[in-house]
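This report describes selected local features of a predicted model. The sections take up one serine and its surroundings, the open and enclosed spaces, and the pairing of aromatic rings.

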Amino acid sequence: LVREAEAIHRLGVPALALFPVTPPEAKSLDGREAWNANGLAQRAVRAVKQAVPELGVITDVALDPFTTHGQDGIIDESGYVLNDVTVEALVKQAVSHAEAGADVVAPSDMMDGRIAALRAALDRDGFTQVPILSYAAKYASGFYGPFRDAAESTPSFGDRRAYQMDPANVREALRECELDVAEGADVLMVKPALPYLDVIRAVSESFDHPLAAYNVSGEYAMVRAAAAAGWLDEEQAARESLTAIVRAGADIVISYWACEVHRWQ
């Protein structure tokens, strides 16, 4: 990881988003490994910041890598995700990331009220300068497949439609963004990016906050697979894809092409 971070920094990529793969023996029903001060994510943050302090480190705040069932929250006996109990756990996780040296915490869980709770806890513990990048409009998408396979975070039952957003609904995205702004989010994000360019545009026109867009694994993998088959030119298709995301209104793009883009320049 440190070697990769050093290479990323040399290319001029400004920040790295970390997502841990938790070994099965460290997973639990309540995902308590998420706030372990010596957990993989926390050790990774410390290692990167020590080796490359100028490289921004963004951490994922969510329980799905740490729960035995793969849901983003703590569940009851029936499998229902408990929102408020989960938010309490997310607060502990975010603070542990800030203590490890994270530059930005990015809650991807989609629980209600978590932005306000995280902001209050970070401020209380002296991390007033740690911004919150909110996955404000995160859709229940079919484009997450390659990431979930790599991160071993596919839910063992059901899906995440109870707390992620309906792909057909753009008005809900605006309401979610409005709530997160009111609760103290510093940056808003739309995820995925390419199938939701209209949402990116709507959010960018409605709010003054910086707007990020996540060019997710499925979007990336489609172009890579087509290029490998000889059906299109990867560099041209990638440039068009990323340009479209920025053209729609994104100020920040999280993408697996980040290093390639800097090499192509």
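## Environment of S255

The side chain of S255 comes to 3.0 Å from the backbone nitrogen of W257. A polar contact of 2.9 Å joins the side chain of S255 to the side chain of N215. S255 belongs to strand β7, which covers residues 252–255. With a relative accessible area of 17%, S255 is buried, because the cut-off for that class is under 20%.

When neighbours within four places in sequence are set aside, the contacts of S255 are N215 and L242. N215 thus appears both in this contact list and as the side-chain partner in the polar contact at 2.9 Å. A further spatial relation concerns L11: 244 residues separate S255 from L11 in sequence, and their C-alpha atoms are 15 Å apart.

## The largest pocket

The largest pocket has a volume of about 1,100 Å³. It is lined by 38 residues, of which A15, A17, I254, S255 and A258 are the closest to its centre. Two or more lining residues come from each of α1 (2–11), β1, α5 (145–151), β6 (211–215), α8 (217–228), α9 (234–248), β7 and α10 (258–264). Among these elements, α10 makes the greatest contribution, with five residues.

In composition, the lining of the largest pocket comprises 30 nonpolar, five polar and three charged residues. S255, one of the residues closest to the pocket centre, is the serine whose side chain makes the polar contact with N215.

## Enclosed cavities

General remarks on empty space apply here. Rolling a probe the size of a water molecule over the atoms shows where empty space is left.

How many cavities of 30 Å³ or more does the structure hold? There are two cavities at or above that volume. The second largest has a volume of about 40 Å³. Its lining consists of A17, L18, F19, I58, T59, D60, A106, Y135 and I254. Seven of these residues are nonpolar, one is polar and one is charged.

Strands β1 (15–18) and β2 (56–61) each provide at least two residues of the lining of the second largest cavity. The largest share, three residues, is that of β2. A17 and I254 line this cavity and are also among the residues closest to the centre of the largest pocket.

## Aromatic pairs

The structure holds five aromatic pairs. One of them is the tilted pair of Y135 and Y214, with 6.4 Å between the ring centres and 55° between the planes. This pair connects distant parts of the chain, since Y135 lies in strand β4 (residues 133–138), Y214 lies in strand β6, and 79 residues separate them. Are Y135 and Y214 buried or exposed? Y135 counts as buried at 2% relative accessibility, and Y214 counts as buried at 3%.

Another pair is formed by Y220 and Y256, whose ring centres are 5.5 Å apart and whose planes meet at 40°, so the pair is tilted. This pair also links distant parts of the chain: Y220 is in helix α8, Y256 is in the loop between β7 and α10, and the two are 36 residues apart. Y220 is buried at 17% relative accessibility, whereas Y256 is partly exposed, with a relative accessible area of 32%.

## The aromatic cluster

Ring pairs join F19, Y135 and Y214 into a cluster. Two members of this cluster, F19 and Y135, also belong to the lining of the second largest cavity. Y214, the remaining member of the cluster, is placed in strand β6, an element that gives two or more residues to the lining of the largest pocket.

Technical notes: Residues are numbered from 1 along each chain as its sequence is written. This is a predicted model: local features need pLDDT of at least 70, side-chain atom pairs count only at pLDDT 80 or more; totals for chains, interfaces and linings use all residues. Side-chain values use heavy atoms; hydrogens and water are left out. Helices (H or I, at least four residues) and strands (E, at least two) are DSSP runs, numbered from the N terminus. Buried means under 20% relative accessible area, exposed over 50%, partly exposed in between (1.4 Å probe, protein chains only). A polar contact is a pair of N or O atoms within 3.5 Å; within protein, one must be able to donate a hydrogen and the other to accept it, and residues adjacent in sequence count only if both atoms are side-chain atoms. Contact means heavy atoms within 4.5 Å. On a 1 Å grid over the protein atoms alone, a cavity is a set of points where a 1.4 Å probe fits but cannot get out, and a pocket is an open set with protein on both sides within 12 Å along at least five of seven lines; lining residues have an atom within 4 Å of a point. Grid points are joined across faces, edges and corners, and a volume is the space filled by probe spheres set on the points. Ala, Val, Leu, Ile, Met, Phe, Trp, Tyr, Cys and Pro count as nonpolar, Asp, Glu, Lys and Arg as charged, and the others, Gly among them, as polar. Rings of Phe, Tyr and Trp (its six-membered ring) pair if their centres lie within 6.5 Å; planes under 30 degrees apart count as stacked, over 60 as edge-to-face and the rest as tilted.
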